[in-house]
Each structure stands twice: as structure tokens, then as C-alpha cells.
Amino acid sequence: MNLISRFKCYCIPLSVSFPLSLLGISFQRSSFYSGAATEWSTGQSTSFSNQIDVVNEFTTYCYQRDLPKAMKALNSMQKHKLWADAITYAELIKCCIAHSAIKQGKIVHQHVFSNGYEPKTFLINTLLNMYVKFHLLDEAQVLFDQMPERNVVSWTTLIAAYSNAELKEKALEMLIMMLRDGVKPNMYTYSSVLRACNGLSNLTQLHCCIFKFGLESDVFVRSALVDIYAKWGELQAALHIFNEMVTGDLVVWNSIIGGFAQNSDGDEALNLYIRMKRSGFKADQSTLTSVLRACTSLALLELGRQVHVHVIKFDRDLVLDNALLDMYCKCGSLEDANCTFNQMFEKDVISWSTMIIGFAQNGYSQKALDLFKVMRTSGTQPNYITVLGVLFACSHAGLVEDGKYYFESMKKLFGIDPGREHYGCMVDLLGRAGKLEEATKLIHEMKCEPDAVTWRTLLGACRVHRNMDLAEYAAKQILNLDPHDAGTFILLSNIYAKSQRWEDVANLRRSMTDGGVKKEPGCSWIEINKQIHAFILGDKSHPKINAIHEELNQIIGRLKEEGYVPDTNFVLQDLEGEQMENSLLYHSEKLAIVFGMMSLPKGKTVRIRKNLRICGDCHVFAKLLAKMENRSIVIRDPIRYHHFQDGACSCGDYW
DNA sequence: CTAGGGTTAG
């Protein structure tokens, strides 16, 4: 039996209202209820005016947000079996929420159901909301189940709670129950439940309902639609809904900019940011976070620095600081990153992980491991990604023993089960160290299924250590899982060519053509004077391409005098023999480096981002050139960074 | 009384 039915029969609420002036309190409205009619008629000590005082006092404290005094007054009302009106209780409950006063909140809950009092739906909704804000969803659900009647707010409160708690199935289930119950969802309901979509078919259905109920014009519903389409990678759909909006506001700008930034379309994110500024909106912390993320993905250090200037205008914001930190790490400026990290007023697991990974990717593995030790004493618990960063640091510095130690003890030390990516790091660690058999064994021992990335890691190691048989095996595994991987196709066909297996080569080339597999051309980007210059292998559209080629040829000539020999001798090179040296010459990073040298002031670091991993020849080229020109060169490839200085690279030739 | 945006890996 629930609370309501248990007390129902006793209660005859009595409502008394009186002029505000009588109370001498200007801001409140009050009426009070008493379930104790029989008691004062039989001469109990509490007089009518005393009762007014008790409720009056309670009301005053509630509106003054004085929680301790209000709770004391509540206690006295409870004794006298008196009740205030629902709005006053709502004030008190707001106050409990603000103070995270769970105990007091539960007392209010008990009180409003005591002695047969029947709170209105409005008041129970307030209590529902309170439990939701306290993250006590089970309590909220119990209360919800006990409600004699539930309106759209009751349903929406719970649906939103499940959506926010990532209990998507539950949220969707509740929506269906709501519809079955004959309660019509409103814009609040839909803007909440959209986040609970499990996929596009779900989303399409909800979108149809929204359209049918005529709610698609609501700003909140629309921005929720924009957001969820973007989160599911349907950026064009998101943009379409966004562009149709008449009133947009800042939040929806942030949604759409964030959507592109998170889907690694930094370019479009920045375009939208410019559009937003032109429309007269001022960026806030959320906007800047997304803009920084766009800079990060495009490696736009100079633009990132400009954003930093705007960041310091705002109050400190952990998420924003983390994005700033990551921007400096990913743009290869460790000095700035370190500075940002040290100045942060608050650090969470993301800040630590970002910095650790930043050190590791930039070739400072020892610093990464040292920082991890500091983190362990700081009281912040490492997570899945932190450990990944630590293992990455070990694998890229050849620290086999450290890596094995952390991998084997991660469950015991940090309570984290090794996932596919952790295994991947270990395969990398063992593979690079030449322990190819051990690496293969580890893949077969994995608790989760290896994916194409895992096998590609092994293939990379085979390439370095020139193990053709294992490379063939790994390549076949990759093509099973990812039949469109052009790089692997070409690699495999070169393995066959090397062993004169021409029939296999022909078969492979045929299945490539049939499958429509195309190799992504190598591309490098450089930021100069707020402009991004892109260089693509074989593309001659850059206005200064002729001058660049001329300069490159001269540089190569000078480097050859210093002993540079173009390295066409990679056993598993991904190009056909006769094209090799010529193609190497025009690798996009060489063009970008030369253009950077020609355009940037003397001594300024040349920073390049590229879409493919750097090849051995370009690596040697950059090392020698950095020394000859006495200039730092930083190249970011999809996995890590190369800081070239004085004829050496921060990766220690181990990438 | 119920609703929307941002950070770490690959």
C-alpha cells in the first residue's frame, strides 16, 4: 500500500485565506491548510491565531531561503498537523536542491504526505524534480509510480532524467508509456528525449512525431534536433535544420559549431564561427571551446593563440582550459602547453591525460611518465584514456619493461580492464621492439576482438622489421575487416611484387579496381599569415608551385653534398619502383616545408600538419634540413609529432 | 514543477 492510499480516508483539508496585510509580510502569498479540524474544536492548546503564526513563520523562512529555520518551522507545523500551500513548499524544495540538502528534502517529502494530506500533482512534480536533481532516480521512480495522476510535467521530468543519465532505453520506453497513457508530450518532452536516440531510425521517428505535433518550430526542440543530428554525424541534416531557423540563439550556434568541430570538420566549424560573429553574436566559453577544438584538429597554432586572448577575458573554466591545453599540445607547442597546465587553477583527469598524452606524442615519453607519477600522488584517479597515454609513451620510447608493467598491473592498480586500444599499444610496443611473435600472440589473446587498427599496428611493425610473411598475414586480416583500406592493398601488392608473385599482384589490383578502392593522396598543410596552404602530392595548383619546386631542387642538391641519399630502399615501400625517387621528391611535406622556409621569417619554426604518416625519406630530409638551415621543423602526422632540430628528431627515429 | 551547447585516445 502506498503513502497516498494509506492516509486518504482521514483527511479533510481546511483552507483559510486572508489578506496579505494581515500578515505584515509584503512579498508572500499564503494560505494554510489544516487536517486537524477535530483537534481544535475539542479544545487543544493551539489557537487559531497561533496556527496562522506557525504557518506564517514557515512561509516567511521559505521565501527568505533560510533552510534551517524553515525546517524548524516545518517541524512545528508537523506537530500541529498544519500545512502550507504548494508554492511555499516548492520554494523550500528549491532551497533544498540549492543546498544539496537530501535529508531535509526527504523530510519535506514525508511531511507533505503525512496525516492523510494529499499533495497536488504540482507539488509531487516538484519533489520528483528534487530527487532527479539529487540523482536519486530510483526514489523519483517510486514516487512517480505512486502518483494518483501524472501530467506532462511528471512524465517529462522523469524522461529528461533518464535521458541525462544516459539511460536511453528507459527514456524511450517512458515516452511510449506516456503516449499510451494519453498524455501528450510537449516541446519540453521532445527536447529532452531527443538526446536518448539510439540511432538514426529512432531519430527519424521522433523527428516525424515532432513534425506531426507541430513542435518543430520551438527553439529548444530545433536546437536539440540540430545537436542530435550532428552527434550522429549527420552534419548536413543538422546544418539544414539550423539554416531554417529564424530565431537562432547562441546555444544553437554552439551546437552546430560544436557538431562540426567534434566530427573533425574544423574547417566548417571555423566558417560557422565567422558566420556567427557576422550575425552579431558574442562567443562564450562553449563557443571558444569548440573553436579551439577546430584549431586543434587543423593544427592552427596562430589562430589558437588568438583564441587564447579571448579565453582570458572569461572566468576560469575547466573545460575551456582543457581545450586550450590540448590545442597547444596538438599544435606541437609544448612550452605553451606546459605553461597553461601549470597555471590551471583546477585540474581533472582530462587535464592530466591531455598533458601526459601531449608529452608522449611530442616525443617526451620520460616527461609523460614522470607526470603520470605526479598525477598518482595528486589524488586524481587515472582513467581508460590516461593509461592509454602512458602505454603510448612507453611504446614510442621503446620502454618495453615499463609498458609491460603498466599493462599487466592496470587492473590491479587503477581498476581499469585493458581494452582494445590498450592491447593495440602493447602490440605496438612489442612490435617496434622487434618482438613480433610476442605481439602476434598478444593479439590472439585479446579479450575483445582485434579490429583493423590492431592488425595495422602489427603490419607497421612488420614493415619496420621487414617480416614479409607476417606482414602478408596481417594485411589479409586488415582487408577482411576493412576491404577499402587502400594503403594495405598497395602494401600487400608490393610484398607480392617483391616475391615475384605476379598473379597475386594482378588479382589484388583487380579487386581494388572492382571495389572502387582509392588511395588517399598525401596532403600537408601549413598556416602562414592567417592563411592555410595545402599541398597535395601531384597537385600543382599552388600559385608558387614553380618557385617551390625550384627551391626544393636546390635544397636537395645542397643536402646531397652534405651526404643526403634519397631513401627509396624501404622494403615495403608503397610506391612502384621507377616512380620512387621522383615521387619522394614531391611528397607533400617536402613542398610544405620548403614553402614555410620561403615564407616565414628567418628562425621561425616551420609547423606542418599532414594526413598520412611521414615516410622515412622525408624524415631524413627534415632532420638534415633543420640542421643545415638552423631552423626547427615540427611535423604532426596522424599519430604523433616530429620536432626536428640540429639534425635529430624528438621521436628518436622511432615512430 | 519539466527542455538545448564545450574538454582527453583511435
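Two residues are in contact when heavy atoms of theirs lie within 4.5 Å of each other. Keep that in mind as you click around this predicted model.

**Stop 1: Tyr 89 and the cores**

Select Tyr 89 in chain A. Which residues does Tyr 89 touch, once you skip those up to four places away in sequence? Light up Phe 58, Leu 74, Met 77, Leu 82, Trp 83, Ala 84, Val 108, His 111, Val 112 and Leu 123, and you have them. Now zoom out a little. Tyr 89 belongs to the largest nonpolar core, which has 165 residues. Tyr 89 and Ile 256 are the two that touch the most other members of that core. Next, pick out helix H20, residues 318-330: this helix gives the most to the core, with 8 residues. There is another core apart from this one, made of 32 residues. To find that other core, select Leu 591, Phe 621, Ala 622 and Ile 633, which are among its members.

**Stop 2: the domains**

Try colouring chain A by domain. Domain 1 covers 1-118 and domain 2 covers 347-418. Then come domain 3, at 440-514, and domain 4, at 523-649. How far apart are the centres of domain 2 and domain 3? Going by C-alpha atoms, 30 Å separate them.

**Stop 3: around DNA strand B**

Now show DNA strand B together with the protein residues that surround it. There are 49 of these residues, and the closest are Asn 125, Asn 254, Asp 284, Arg 293 and Asn 322. Of the strand's atoms that come within 4 Å of the protein, 45% are sugar and phosphate. Colour the surrounding residues by type and you get 15 nonpolar, 22 polar and 12 charged.

Three side chains here deserve a click:

- Asn 322 has a polar side-chain atom 2.3 Å from a base oxygen of DNA strand B.
- Ser 223 has a side-chain N or O atom 2.9 Å from a base nitrogen of DNA strand B.
- Gln 262 has a polar side-chain atom 3.4 Å from a phosphate oxygen of DNA strand B.

**Stop 4: Thr 488**

Jump to helix H30, residues 486-498, and select Thr 488. Is Thr 488 buried or exposed? Thr 488 counts as buried because its relative accessibility is 2%, and the cut-off for buried is under 20%. The side chain of Thr 488 makes a polar contact of 2.8 Å with the side chain of Asp 485. Beyond its neighbours within four places in sequence, Thr 488 is in contact with Arg 456, Leu 459, Ala 475, Ile 478 and Leu 479.

**Stop 5: two lysines with a positive phi**

Here's a backbone detail to look for. Most residues other than glycine have a negative phi. Now check Lys 81, in the loop between helix H5 (67-79) and strand E3 (82-83). Lys 81 is not a glycine, yet its phi is positive, at about 55°. This lysine is partly exposed, with a relative accessible area of 27%.

Then move to Lys 530, in the loop between strand E4 (523-528) and strand E5 (531-536). Phi of Lys 530 is positive too, near 60°. With 70% relative accessibility, Lys 530 counts as exposed.

**Stop 6: Arg 558**

Select Arg 558 in helix H32, residues 545-561. Arg 558 is partly exposed, at 34% relative accessible area. Leaving out neighbours within four places in sequence, show what Arg 558 is in contact with: Glu 551, Met 628 and Glu 629. Along the chain, Arg 558 and Met 628 are 70 residues apart, while their C-alpha atoms are separated by 9.1 Å. A polar contact of 3.5 Å joins the side chains of Arg 558 and Glu 629.

**Stop 7: Ser 650**

Head for the segment after strand E9 (648-649), where you'll find Ser 650. What does the side chain of Ser 650 reach at 3.2 Å? Look for the backbone oxygen of Asn 362. Setting aside neighbours within four places in sequence, the contacts of Ser 650 include Gly 363, Arg 640 and Tyr 641. For a ruler exercise, draw a line from Ser 650 to Asp 482: the C-alpha atoms are 32 Å apart.

**Last stop: Ala 160**

Finish in helix H10, residues 152-164, with Ala 160. Ala 160 counts as buried, at 16% relative accessibility. Draw one more line, from Ala 160 to Phe 489, and the C-alpha atoms turn out to be separated by 48 Å.

Definitions and conventions
Residues are numbered from 1 along each chain as its sequence is written. Chains are lettered from A and ligands numbered from 1 in the order in which they are written. This is a predicted model: local features need pLDDT of at least 70, side-chain atom pairs count only at pLDDT 80 or more; totals for chains, interfaces and linings use all residues. Side-chain values use heavy atoms; hydrogens and water are left out. Domain bounds come from an automatic or database domain assignment. A nonpolar core is a set of buried Ala, Val, Leu, Ile, Met, Phe, Trp, Tyr and Cys residues joined through side-chain atoms within 4.5 Å. Buried means under 20% relative accessible area, exposed over 50%, partly exposed in between (1.4 Å probe, protein chains only). Helices (H or I, at least four residues) and strands (E, at least two) are DSSP runs, numbered from the N terminus. A residue is near a molecule or strand if one of its heavy atoms lies within 4 Å of it. A polar contact is a pair of N or O atoms within 3.5 Å; within protein, one must be able to donate a hydrogen and the other to accept it, and residues adjacent in sequence count only if both atoms are side-chain atoms. Ala, Val, Leu, Ile, Met, Phe, Trp, Tyr, Cys and Pro count as nonpolar, Asp, Glu, Lys and Arg as charged, and the others, Gly among them, as polar.
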